[in-house]
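Trainee: I'd like to learn how to read a structure like this one. Could you walk me through it, feature by feature?

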Amino acid sequence: MSEPADERHMRRALQLAERGLAGTDPNPRVGCVLVRAERTVGEGWHERAGGPHAEVMALRQAGADAEGASAYVTLEPCAHTGRTPPCVAALISAGVRRVVFAVSDPNPLVNGAGASALRAAGVQVREGVLAAEARALNPGFFKRMQCGLPWVRLKLAASLDGRTALADGRSRWITGEAARADVQRFRARSSVVLTGSGTVLADDPALNVRLADTPRQPLRVLLDGALRVSPDARMLHPANEALVFTASTDPARRAELERRGVRVEIAAAGPDGRLLLAPILRRLGELEANEVWIEAGARLAGAWLREQLVDELIIYLAPRLLGPGARPLLQLRAPADLEQAPRLRFTECVPLGEDLRLSALPLAPGALTGGGPTGGAPTDAGPTDAAPTDAAAAQ
């Protein structure tokens, strides 16, 4: 089959994979198309962890027509037995003659083994078709498999002049309904929604996903170094979907949270008593979190950036002007000159009603530190971190 045809079918496989955007965690999103005699005979996508993989779903739809077909898969077919049997065996057994996949699976249990097993069975293999698009669909899975850390998105919302709330903290509503709905979609695809104690004390957000068709809720993570937040906080219910990181050794407060079913983990703190962010991020990787979505106030948001732990910024910009007395978007150290000023690269600009969603990547490691990492990052919110960046979206 021609290279243009391979790309066309792979684009369809990528479209199918996107249907699993909110459901497959901690597995990757994968799509598969089976084509025989230039006719699509089967399609499938991975819907949820523990369920059939994309290749199996497509094979079931194709039935006997899978024999002699070409399979287009957005990720190298697995060759090991996990919660489901290996897809390589299913493809070989069905008589698929050719497999085209977008990118090698970064999982050490798979990487290269799937392609090798297919070739050993006489199946033609082509790899690397639309590889960049396939990686972009699963940034957290690739990052976690390669370095043990999830992909971190920092959500920010502000007026056109970079302000998040009036001087007295009022921020309802800076952004419009379309932007707030978009936040829900980002939460839905995330493994973790994370915030700090200051945001919870100020606004008591639920931080859950309120889309009607969401297949699961992300883990809600609270950074609360001194256990200041009440066990009745909305984000801690249901308790089995919440995790609190703290440096507090107060047995009574911890026992009350755990009695209600909230998981509590002791985290490392710096000399100032504030939680260190890098070990927490590594722990989330150990818990198989692929994508972390952060909604926090100016100080905690700035801390994640200063620690060089943010992979992507998602900024909702509203056509309002709040003036210099309003609250700032971030707390960062002032650069000595423009060359030291934090720099980003915009990757996307999407209109959402009257607002804009900007996506941006830090240009280089250290670009946001203003002179180097600061060590212990401030995770306990004080007065300047008393509200999320957009109270509307943080509920």
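Mentor: Let's start with a sheet. Keep in mind that this is a predicted model. Strands of a sheet pair through backbone hydrogen bonds, either parallel or antiparallel. Here, 5 strands line up as 2-1-3-4-5 in an open sheet with mixed pairing.

Trainee: Which strands stand at the edges of this sheet?

Mentor: Strand 2 (39–45) and strand 5 (124–127) do; each has a single partner strand, so one side of each is left without a neighbour in the sheet. From one strand to the next, the twist averages 15°.

Trainee: What does "mixed" look like around strand 3? In which sense does strand 3 pair with strand 4?

Mentor: With strand 4 (residues 98–101), strand 3 pairs in the parallel sense, over 4 bridges. Strand 1 (residues 31–36) and strand 3 run antiparallel instead, and 4 bridges join them. You can follow single residues too: Ser70 of strand 3 stands opposite Val35, and in strand 4 the bridge partner of Ser70 is Arg98. Another contact to look up is Cys32, whose bridge partner in strand 3 is Val73.

Trainee: And the side chains of a strand, where do they go?

Mentor: In a regular strand the side chains alternate between the two faces of the sheet. Try it on strand 3 (residues 70–73): Ser70 and Tyr72 point one way, Ala71 and Val73 the other way, and all are buried.

Trainee: Which helices pack on this sheet?

Mentor: Helix 1 (residues 3–18) lies across strand 1, strand 2, strand 3, strand 4 and strand 5, at about 140° to strand 1. Helix 4 (residues 113–120) touches strand 4 and strand 5, and its direction makes about 150° with that of strand 5.

Trainee: Let's move to the sheet with 9 strands. In what order do they come?

Mentor: Read it as 11-10-9-8-12-6-13-16-15, an open sheet with mixed pairing. Its edge strands are strand 11 (263–266) and strand 15 (344–352), each pairing on one side only. The twist here averages 25° from one strand to the next.

Trainee: How many bridges join strand 6 to strand 12?

Mentor: There are 5 bridges, and strand 6 (residues 151–159) and strand 12 (residues 291–295) run parallel. To find your place, look for Leu154, which stands opposite Ile294 in strand 12.

Trainee: Which strands does helix 7 lie across?

Mentor: Helix 7 (residues 177–189) lies across strand 6, strand 8 (192–196), strand 12, strand 13 (312–318), strand 15 and strand 16 (355–362). Helix 7 runs at about 145° to strand 12.

Trainee: Now the rings. How many aromatic pairs does a search of the whole structure find?

Mentor: The search finds 2. Phe141 and Phe142 form an edge-to-face pair, 6.3 Å centre to centre and with 90° between the planes. Both Phe141 and Phe142 are buried. The rings of Phe186 and Trp293 have centres 4.9 Å apart and planes at 10°, so that pair is stacked. It links distant parts of the chain, with Phe186 in helix 7, Trp293 in strand 12, and the two positions 107 residues apart.

Trainee: Are Phe186 and Trp293 buried or exposed?

Mentor: The cut-off for buried is under 20% relative accessible area. Phe186 has 11%, so Phe186 is buried. Trp293 has 0%, so Trp293 is buried as well.

Trainee: Which charged residues sit over rings?

Mentor: The charged end of Arg19 sits over the ring of Trp45, 4.8 Å from its centre. Arg180 lies over the face of Trp173, 4.5 Å from the ring centre.

Trainee: Back to Phe141 and Phe142. What covers the buried residues of helix 6?

Mentor: The buried residues in helix 6 (residues 139–147) are Pro139, Gly140, Phe141, Phe142, Lys143 and Arg144. Their cover includes helix 5 (131–137), strand 6, helix 7, helix 10 and strand 12. Just after helix 6, Gly148 takes a positive phi of about 80°.

Trainee: Why are the buried residues of helix 10 on the same side?

Mentor: In helix 10 (residues 277–286), the buried residues are Leu277, Ile280, Leu281, Leu284 and Gly285. They cover an arc of only 150° around the axis, which puts them on the same side of helix 10. Just after helix 10, Glu288 also takes a positive phi, about 70°.

Methods. Residues are numbered from 1 along each chain as its sequence is written. Side-chain values use heavy atoms; hydrogens and water are left out. Buried means under 20% relative accessible area, exposed over 50%, partly exposed in between (1.4 Å probe, protein chains only). The arc is that of the directions from the helix axis to the C-beta atoms. Two strands pair if DSSP finds at least two bridges between them. Axes are lines fitted to C-alpha atoms, for helices over the stretch in contact, and angles run from 0 to 180 degrees between N-to-C directions. Contact means heavy atoms within 4.5 Å. Rings of Phe, Tyr and Trp (its six-membered ring) pair if their centres lie within 6.5 Å; planes under 30 degrees apart count as stacked, over 60 as edge-to-face and the rest as tilted. A charge sits over a ring if NZ of Lys or CZ of Arg is within 6 Å of the ring centre and within 35 degrees of the ring normal.
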